[in-house]
Amino acid sequence: MCGIIGYIGEKQAYPIVINGLKKLEYRGYDSYGICVLDNEKVFLKKRVGQILEEGESEFNGCVSIGHDRWASTGGVCEKNAHPHEYNGFYVVHNGIIENYKELKEDLIKKGHIFNSDTDTEVIAHLISEEFNGNLEDAARKALKKIIGSYGIAVVSPKDKDKIVIAKMSSPIIIGICKDGHIVASDPSAVIDYTKQIITLDDGEMAVLRKDSYMILKEKKIETIDWESDSISKGDYAHYMLKEIMEESKVIESATMGRLLDNNVKLGGLESSKERLEEANKIFLIGCGTGYYAAKTGEYLMEEIGGIDAEAHMGSEIRYRNPRLDRNEAAIFVSQSGETADNLAALKKFKDAGVLTLGVTNAIGSTQTRETEGGVYTRCGPEIAVASTKAFIGQITVLTMISIFLGRQRNLSEKKAEEVIKELRDIPFKAELILNNREEINNIVQKYLRFKDFWFIGRKFNYPIAMEGALKLKEISYIHAEGTPGGELKHGPLALIDENCPTVALCPRDSVYDKMLSNIEEVKARNGKVIAIASEGDNKIKEIVDDVIYIPKTIEALTPILTAIPLHLFAYYFALALKRDIDKPRNLAKSVTVE
Ligand code: M6R
């Protein structure tokens, strides 16, 4: 949550920082702020709302820091926007200072006057207290007093020509440019300028100058392979639509070079091969959409992998006490690789000696560095707050991991071959659904008056029902819930009437007949039903109100194909309601708070 950015170099800093803030806006868009240093002069600007300006050079100066805010401590207003300043020390911060109240009280007793309700402002005050001519020394001493998480960038005209940055549980990278240095919360903000980045580790601090950077220990420079145009909307009205339209390519890229005839080749699992072979249970952990991918993985691991599997939400499992041992493995599923709840759970599993692996999209993220191995989803940057193509990438990768585990166990060559052959065809099938998007849009138009939706699915498609419901509520602000079809009669059926339509996921699979019975139960209560069904299923047309057809595939791969129309369904719904699709209210892309 929150994006931080800074530039120091030969160029005018303002346009670079504004451009970076726009790239990071998905992390928070309640308000933004920027300060530019021009020798002793400092220009400070804070605004509530999204960034509408084009980034013309409003202020001269080659040193600047900026911030996109997702409000945590203190409401959304100009005074709470970053940078926060005290006595000439300017700070931008991503994270939460847990002991800020105590620190603030002490500082107030010493005569400090605060201008905001944020936790961040204490950092500027503490630095001022500790300052003795050297900014990094003051920052180091100030941070020693802080409990919590932070990614910070600090500048001051009192020790100019440098940006001091530090990290604890919130991501920070340095971009090394020809003309200077950029600091940012993630690589998307620097790839217009450089592909050479350094990732800061927890507890590290660095000093950036125009022509040098100093980190407390020697760091490896990594190269990011994302292209600059992969984070533009192109001709699409929204990132979300662009990202949904990339879903077939994502499957292609996630599987590229990884599918053999009757097995898969996953380089990131090579060093964990023996431990995986001995593992007697797999935990799958994620949050939000990442959890639904993990839940899909649970079914895949059990069915194809032949191993006991349990999916958990990072935000829950981190506080529980499951009995863990070295014969287990845990797979963390995350687009950003920075979700705080997942990272806390990861630490817990690692401390217990469990083999930890990641299914991650963001290269160089904390999750990829803290796990012992894993598989990248290779989706490219995902900018829309609603996760779509990353979900498709996650379930594709989890399918491959299931094949890998299965081949270590009882999955026959023939069965593996069958799944892999079908996996090779899935991108084309996904493309057919995407090409059918106008039909989905037409169906959406008939349902715009409804305020409640129920999504049902069974077995592999139960997690997809939850994913469909989350997507709809997240971007259209319409109430939606996803439950197993078999659970309807245990309670939710009481809510079904002519005002609550049901989206039923019923591809031709082993639970198809059971789903038909669920649909009948809904119809008997006057509920409208939109079915996601396999092409050629004419029977279903007779029972339901609307059908979205998907190509036929094997049961284990149906989740990939049923998720796509649900992403489009939510998109067109929100579009018709004129919602802020890429930046839904109250949310942020990367949830780095607990
Ligand atoms: O970056 P992550 O995949 O770990 O993010 C997890 C969730 O915050 C995320 O999937 C969230 O639920 C999405 N906004 C859903 O569309």
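Two strands are taken to pair if DSSP finds at least two bridges between them, and the strands and helices themselves are DSSP runs numbered from the N terminus, with E runs of at least two residues as strands and H or I runs of at least four residues as helices. All views show a predicted model, in which local features need pLDDT of at least 70 and side-chain atom pairs count only at pLDDT 80 or more, while totals for chains, interfaces and linings use all residues. Residues are numbered from 1 along each chain as its sequence is written, and side-chain values use heavy atoms, with hydrogens and water left out.

**View 1. The antiparallel sheet of 6 strands, an open sheet in the order β5-β6-β7-β8-β12-β13.** Strands β5 and β13 (213-215) stand at the edges with a single partner strand each, so one side of each has no neighbour in the sheet. Neighbouring strands are turned by 20° against each other on average, direction ignored, where axes are lines fitted to C-alpha atoms (for helices over the stretch in contact) and angles run from 0 to 180 degrees between N-to-C directions. Within the sheet, β7 (residues 148-155) pairs with β8 in the antiparallel sense over 4 bridges, and A153 stands opposite I165 in β8.

**View 2. Helices α3 and α4 against the antiparallel strands.** Contact here means heavy atoms within 4.5 Å. Helix α3 (residues 121-130) lies across β5, β6 (89-97) and β7, and runs at about 130° to β6, whereas helix α4 (residues 135-144) lies across β6, β7, β8 and β12 (205-208), running at about 155° to β12.

**View 3. Two loops with backbone features, at P83 and S169.** In the loop between β4 (63-69) and β5 (84-86), which holds P83, the peptide bond from H82 to P83 is cis, with omega near 0°. S169, in the loop between β8 (163-168) and β9 (173-176), has a positive phi of about 60° although this residue is not a glycine.

**View 4. The crossing of helices α6 and α12.** The axes of α6 (residues 247-255) and α12 (residues 389-408) come within 9 Å and cross at roughly 35°. On the α6 side E247, V250, I251, A254 and T255 take part, meeting K389, I392, G393, T396, V397 and M400 in α12. By class, this contact has 6 nonpolar, 3 polar and 2 charged residues, with Ala, Val, Leu, Ile, Met, Phe, Trp, Tyr, Cys and Pro counted as nonpolar, Asp, Glu, Lys and Arg as charged, and the others, Gly among them, as polar.

**View 5. The parallel sheet of 5 strands, an open sheet in the order β21-β20-β22-β23-β24.** Strands β21 (479-484) and β24 (546-550) are at the edges, each with a single partner strand, so one side of each is left without a neighbour in the sheet. Strand β23 (residues 529-534) pairs with β24 in the parallel sense over 5 bridges, and A531 stands opposite V547 in β24. Helix α15 (residues 462-476) lies across β20 (452-457), β21 and β22 (502-506), at about 175° to β21.

**View 6. The contact between domain 2 (233-435) and domain 3 (437-584).** The domain bounds come from an automatic or database domain assignment. In this contact, 40 residues of domain 2 touch 34 residues of domain 3.
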